[in-house]
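Please open the model in your viewer and keep the selection panel at hand. The tour below moves from one selection to the next and says what is to be found at each stop.

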Amino acid sequence: MSSFCYRDGTLCAESVPLTRIAEEIGTPCYVYSHSALIEAYADYARAFGDLRPLLCYACKANSNLAILNLFARLGSGFDIVSGGELARVLAAGGAPGTVVFSGVGKSEAEMRIALAHSILCFNVESASELERLNWVAGDMKRVAPVSFRVNPDVDAGSHPYISTGLKENKFGVPHGDALVLYRRAGQLANVRIVGIDCHIGSQITELSPYVGALDRILDLVTQLEAENIELEHIDLGGGLGIRYRDETPLALSDYAHAIRDRLVGRRERLILEPGRSLVGNGGLLLTRVEYLKHGEAKHFAVVDSAMNDLMRPTLYDAYHAVLPVTEHSEAPRVLYDVVGPVCESGDFLARDRELAVAEGDLLAIMSAGAYGMSMSSNYNTRPRAAEVMIDGATWRLIRTRESIAELFSREQLPP
Ligand code: LLP
């Protein structure tokens with residue numbers, strides 16, 4: 001059963017009608033389904049079976065402490081990209097020994113804190129980062145576990161902003177430079193080579209880019225073995241794309257099958273860093289229609305959430321389904337742009353959607369669990385949304401709505 005479905009004409013999250021959440025918490029509000037998150041995690045475990053990968057949940061997809069805590073309790077590791085995300089993982093009860101640290105711009109301070117907590121691995125993305133890490137680790141009398149994030153130069157076929165594995169992208173070290181870098185790492189006293197990794201992008205729905213990347217990585221692993229450089233793990237980066245509209249996402253079983261075929265007989269541990277596929281379809285953004293506005297060329301449903309709450313539509317032209325929480329049979333069906341109150345023409349959540357809605361109605365912006373709240377901002381001095389976790393017939397506030405005073409609490413008037 002889907003975690004979000006209609007019961008007696010009202011859209012529910014698990015067994016809780018979204019009308020109740022709106023009454024008690026207000027809108028806008030992110031709503032997550034506990035069971036959807038657990039099932040998404042279990043799907044990975046099932047699909048990979050005996051390969052038993054370490055899943056390092058990509059915190060950036062949704063870093064609410066309650067969500068990190070849920071994944072920690074399921075045995076997940078974490079992929080982080082900042083000292084802030086490491087602090088969140090620790091606060092949520094995640095084990096630092098399961099943390100991989102990605103990103104092109106790790107600062108010295110971030111390296112120090114990650115070294116102090118003995119994380120599993122630094123995914124190093126440049127020659128300069130390797131030298132800095134070696135120096136910082138030496139200064140702390142530590143040895144940093146490293147993997148190189150290799151840019152395999154394959155086209156992920158997703159939106160250009162979220163494709164990362166092409167040579168023109170800022171990410172990773174060029175495939176052709178990797179051997180030299182591994183040799184250099186082998187000479188450094190304060191780094192220890194533990195793995196190799198790649199991440200070619202997000203919202204990928206085809207198998208071929210993954211397989212292409214893996215083959216390029218394995219080709220390097222073989223060359224490293226010939227030089228007696230042995231690895232403990234192979235990290236294939238982010239997870240699969242999800243269905244927002246009518247995409248046919250790659251089946252996890254097919255992905256797992258292709259990886260198993262290529263890793264059979266190898267002793268390195270497989271690491272994956274899924275984000276979107278663990279939380280994306282387990283969350284929605286609940287919003288209320290403030291006004292219906294009929295322009296000369298377009299009809300607008302002006303809602304109380306905006307691009308500051310969910311940036312994906314305007315940033316990537318991303319599609320999120322919009323469902324009425326209560327079917328409104330008297331309202332005429334009209335083609336609306338669902339827009340927010342922010343002063344930008346790019347402030348839309350959906351365009352050209354046929355909806356039968358009236359002012360005051362609730363709408364659910366679907367598939368908003370990943371890169372929704374985590375990319376939200378306070379633009380237009382809008383307090384960020386509340387977040388609620390639904391579990392069966394019960395729900396829990398996992399982030400209170402920001403107050404306006406909090407938004408300027410750090411600012412100073414002149415004396
Ligand atoms: N590992 C690394 C190093 C990453 O950069 C990412 C995502 C992931 C793992 C997780 O990938 P996933 O399983 O979620 O595909 N804001 C964009 C997505 C940006 C993804 C950035 N990196 C969006 O809303 O579509």
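Throughout the tour, a residue is called buried when its relative accessible area is under 20%, exposed when that area is over 50%, and partly exposed in between, with a 1.4 Å probe and protein chains only as cover. The structure is a predicted model, in which local features need pLDDT of at least 70 and side-chain atom pairs count only at pLDDT 80 or more, while totals for chains, interfaces and linings use all residues. Residues are numbered from 1 along each chain as its sequence is written, and side-chain values use heavy atoms, with hydrogens and water left out.

**First stop: salt bridges within and between elements**

Begin by selecting Asp43, which is partly exposed with a relative accessible area of 33%, and add Arg46, which is exposed at 60%. The two form a salt bridge (a side-chain nitrogen of Lys or Arg within 4 Å of a carboxyl oxygen of Asp or Glu), and their closest N and O atoms are 2.6 Å apart. Both belong to helix α2, residues 34-48, where being three residues apart separates them by about one helical turn. Helices (H or I, at least four residues) and strands (E, at least two) are DSSP runs, numbered from the N terminus.

Next, select Glu227 and Arg183, a salt bridge whose closest N and O atoms are 2.6 Å apart. Glu227 lies in the loop between α8 (208-226) and β12 (233-238), and Arg183 in helix α7 (residues 178-187), so the pair ties together parts that are 44 residues apart in sequence. Glu227 counts as partly exposed at 32% relative accessibility, and Arg183 is partly exposed as well, with 38%.

Stay with the loop between α8 and β12 and select Glu232, which forms a salt bridge with Arg192, the closest N and O atoms being 2.8 Å apart. Here too distant parts of the chain are linked, since Arg192 sits in strand β11 (residues 191-197) and the two residues are 40 apart. Arg192 is partly exposed at 41% relative accessibility, and Glu232 is partly exposed at 42%.

To finish this stop, select Glu108, Arg112 and Asp139 together, which are linked in a network of salt bridges. A search of the whole structure finds 22 salt bridges.

**Second stop: the ligand**

Which residues are closest to the ligand? Select the ligand and expand the selection to the residues near it, a residue being near if one of its heavy atoms lies within 4 Å. The expanded selection has 18 residues, the closest being Ser202, Glu273, Arg312, Tyr316 and Tyr371. By class, the shell has six nonpolar, six polar and six charged residues, where Ala, Val, Leu, Ile, Met, Phe, Trp, Tyr, Cys and Pro count as nonpolar, Asp, Glu, Lys and Arg as charged, and the others, Gly among them, as polar.

Now display distances from the ligand's oxygen atoms. A polar side-chain atom of Arg312 lies 2.6 Å from a ligand oxygen, a polar side-chain atom of Tyr371 lies 2.6 Å from a ligand oxygen, and a polar backbone atom of Arg276 is 2.8 Å from a ligand oxygen. Taken alone, the ligand exposes 590 Å², and the protein buries 93% of that; these accessible areas come from the Shrake-Rupley method with a 1.4 Å probe, and for residues only the protein chains shown count as cover.

**Third stop: a sheet of three strands**

Select β1, β2 and β3, which form an open sheet in the order β1-β2-β3 with antiparallel pairing. The strands β1 (4-7) and β3 (16-17) stand at the edges, each with a single partner strand, so one side of each is left without a neighbour in the sheet. Strand β2 (residues 10-13) pairs with β3 in the antiparallel sense over two bridges, and two strands count as paired if DSSP finds at least two bridges between them. Within β2 and β3, label Cys12, which stands opposite Pro17.

**Last stop: backbone details**

Select Thr27 and Pro28, which are joined by a cis peptide bond with omega at about -5 degrees. Pro28 is placed in the loop between α1 (18-25) and β4 (29-33).

Then select Gln203, in the loop between β11 and α8, which has a positive phi of about 50 degrees although it is not a glycine. Gln203 is buried, with a relative accessible area of 14%. End at Ser367, in the loop between β19 (362-365) and β20 (386-391), where a residue that is not a glycine has a positive phi of about 55 degrees; Ser367 is buried, with a relative accessible area of 5%.

Note on methods
A polar contact is a pair of N or O atoms within 3.5 Å; within protein, one must be able to donate a hydrogen and the other to accept it, and residues adjacent in sequence count only if both atoms are side-chain atoms.
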